[in-house]
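Biologist: Could you take me slowly through this model, beginning with the empty spaces and then moving on to the cysteines and the aromatic rings?

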Amino acid sequence: MTKVSAISTQTIPAGGRLAGLAPGVATTDRIAWVKLSLILLPLKTPISDAKVLTGRQKPLTEVAMLFAEIESERGHHGIGFSYSKRAGGYGLYAHAKEIAGNLIGEDPNDIARIWDKLVWAGASVGRSGLATQAIAAFDVALWDMKAKRAGLPLAKLLGARRDSVRCYNTSGGFLSTPTEQLVANCEASIEAGIGGIKIKVGQPDPMVDLVRLEAVRKAVGGRVPLMVDANQQWDRPTAERVGRALEEFNLVWIEEPLDAYDVEGHARLAAQLVTPIASGEMLTSVAEHLALITHDAVDFIQPDAPRVGGITQFLKIATMAEQKYLRMAPHFAMEIHLHLAAAYAHETWVEHFDWLDPLFNEHLEIKDGRMIVPDRPGLGFTLSDQARAWTVDSSEVGKRA
């Protein structure tokens with residue numbers, strides 16, 4: 001019997017191949033360098049929703065962004081991010097810094113295996129919440145690298161079903177916005193080509209919500225669909241009463257009418273109301289989304305890739321949701337979610353925020369109510385000089401190729 005020796009693929013020069021090796025044979029690569037950056041993104045105006053009015057939270061003044069940059073021995077590069085609003089940003093950064101060394105020497109293509117390695121590295125603090133939100137920055141960066149390595153936008157790598165996704169605006173409709181300004185913001189959104197408008201509800205007196213919504217409906221005049229978001233403000237009886245009053249507005253959905261973890265309450269509400277129910281943005285694991293899906297608690301599922309642990313976990317949720325024929329509207333982070341929504345089986349919405357624009361050199365295009373999937377490889381974004389200037393801490397492990 002002839003003895004065959006294994007060939008170490010790491011000896012193959014970049015751009016070349018060993019004699020006798022068929023063209024296109026995959027070669028091994030390894031993660032060589034990881035950089036983490038904590039960036040505090042200031043908001044132009046403090047933001048308030050129902051949780052602020054009830055004293056549970058303070059107005060939002062900044063967003064903490066955790067960025068991960070990863071480079072392989074062969075010079076492939078990926079960038080990803082996670083985030084936290086109000087508190088938690090420094091915690092995300094600290095946890096990510098602790099586990100970052102586990103990536104060095106790993107094959108960047110083995111994304112699922114790396115996710116498992118990272119989550120078990122910090123398993124004593126849990127496999128959801130802050131721990132997995134920290135992992136998300138690495139996971140997104142690895143998917144960005146994989147798509148760039150293939151020369152494809154991430155949506156194409158995942159198998160895009162559409163080249164654009166319906167988009168709606170939230171940032172002009174907070175409870176802290178006076179009604180006149182709210183109407184003006186709606187007009188500005190329509191002029192910008194945004195395809196839907198979501199306003200916040202959850203005032204102590206629900207009649208105030210109805211008056212504000214009526215003002216918006218009158219101004220919009222049916223030009224774009226409307227949604228509302230209660231931010232977990234109501235109890236079950238209030239959600240039922242207000243939900244019935246909202247049915248005349250023909251809304252696309254009522255978002256988070258109840259506590260995010262009240263699966264039974266959402267299921268009952270979804271069965272009682274004509275208006276679709278949306279939720280999921282505050283959940284931080286696949287298991288929590290599975291509960292919503294299996295109990296028929298939502299019509300629109302709203303996973304947030306940075307919150308659930310990245311794209312690897314998001315795709316698991318998308319597969320389960322597809323089997324139940326749920327519609328999808330991922331929360332925030334449109335720079336990531338546009339690609340994921342474009343690959344989802346059923347028609348989707350993405351949420352338009354201009355908050356993150358200063359962080360990137362590139363910007364997304366909106367046309368005729370839809371956000372266009374960029375044709376740039378990967379996510380299609382690079383960090384701006386302004387983002388670097390807002391960096392409050394950074395760290396590195398490994399060495400650049």
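Modeller: A pocket here is an open set of grid points where a 1.4 Å probe fits, with protein on both sides within 12 Å along at least five of seven lines. Please keep in mind that this is a predicted model.

Biologist: With that definition in hand, what volume does the second largest pocket have?
Modeller: Rolling a probe the size of a water molecule over the atoms shows where empty space is left. In the second largest pocket, where 30 residues form the lining and Tyr83, Lys85, Arg86, Met282 and Arg307 are the closest to its centre, the space comes to about 460 Å³.

Biologist: Which element supplies the largest share of the lining of the second largest pocket?
Modeller: Strand E3 (77-85), helix H4 (130-150) and strand E5 (197-200) are the candidates, since each supplies at least two residues of that lining. By class, the lining has ten nonpolar, nine polar and eleven charged residues. The largest share, three residues, comes from E3.

Biologist: Turning to the largest pocket, which element gives the most to its lining?
Modeller: The largest pocket has a volume of about 610 Å³, and of its 25 lining residues the closest to the centre are Lys44, Ser171, Gly172, Asp354 and Trp355. Two elements give two or more residues to this lining, namely strand E1 (31-47) and helix H6 (179-191). With seven residues, the element that gives the most is E1.

Biologist: How many charged residues are in the lining of the largest pocket?
Modeller: Sorting the lining by class gives 13 nonpolar and ten polar residues. The charged class, which takes in Asp, Glu, Lys and Arg, has two residues in this lining.

Biologist: Which residues does UniProt give for the domain "Mandelate racemase/muconate lactonizing enzyme C-terminal"?
Modeller: The feature comes from an unreviewed UniProt entry. In the model, the span it covers is 50% helix and 10% strand, and its end C-alpha atoms lie 25 Å apart. The record places the domain at residues 179-276.

Biologist: Why is Cys186 in no disulfide with Cys167, and how far away is the sulfur?
Modeller: A disulfide is a covalent bond between the sulfur atoms of two cysteines, and the rule used here asks for sulfur atoms within 2.5 Å. Both residues are buried, Cys167 with a relative accessible area of 0% and Cys186 with one of 4%. The sulfur of Cys186 is too far for a bond because the closest cysteine sulfur, in Cys167, lies at a distance of 14 Å.

Biologist: What kind of aromatic pair do Phe67 and Phe360 form?
Modeller: The model holds twelve aromatic pairs by the rule used. In this one, the ring centres are 6.0 Å apart and the planes stand at 70 degrees, where an angle over 60 is the cut-off that applies. The pair links distant parts of the chain, with Phe67 in strand E2 (residues 60-72) and Phe360 in the loop between strand E11 (349-352) and strand E12 (365-367), 293 residues apart. Phe67 is buried at 1% relative accessible area, Phe360 is buried at 6%, and their pair is edge-to-face.

Biologist: Are the rings of Trp253 and Phe300 stacked or tilted?
Modeller: Trp253 lies in the loop between helix H8 (236-246) and strand E7 (254-255), while Phe300 lies in strand E9 (residues 300-301), 47 residues apart. Trp253 counts as buried at 0% relative accessibility, as does Phe300 at 1%. With 4.8 Å centre to centre and 55 degrees between the planes, the pair is tilted.

Key. Residues are numbered from 1 along each chain as its sequence is written. This is a predicted model: local features need pLDDT of at least 70, side-chain atom pairs count only at pLDDT 80 or more; totals for chains, interfaces and linings use all residues. Side-chain values use heavy atoms; hydrogens and water are left out. On a 1 Å grid over the protein atoms alone, a cavity is a set of points where a 1.4 Å probe fits but cannot get out, and a pocket is an open set with protein on both sides within 12 Å along at least five of seven lines; lining residues have an atom within 4 Å of a point. Grid points are joined across faces, edges and corners, and a volume is the space filled by probe spheres set on the points. Helices (H or I, at least four residues) and strands (E, at least two) are DSSP runs, numbered from the N terminus. UniProt positions are given in the numbering used here, feature names are shortened, and annotations may be inferred rather than shown by experiment. Buried means under 20% relative accessible area, exposed over 50%, partly exposed in between (1.4 Å probe, protein chains only). Rings of Phe, Tyr and Trp (its six-membered ring) pair if their centres lie within 6.5 Å; planes under 30 degrees apart count as stacked, over 60 as edge-to-face and the rest as tilted.
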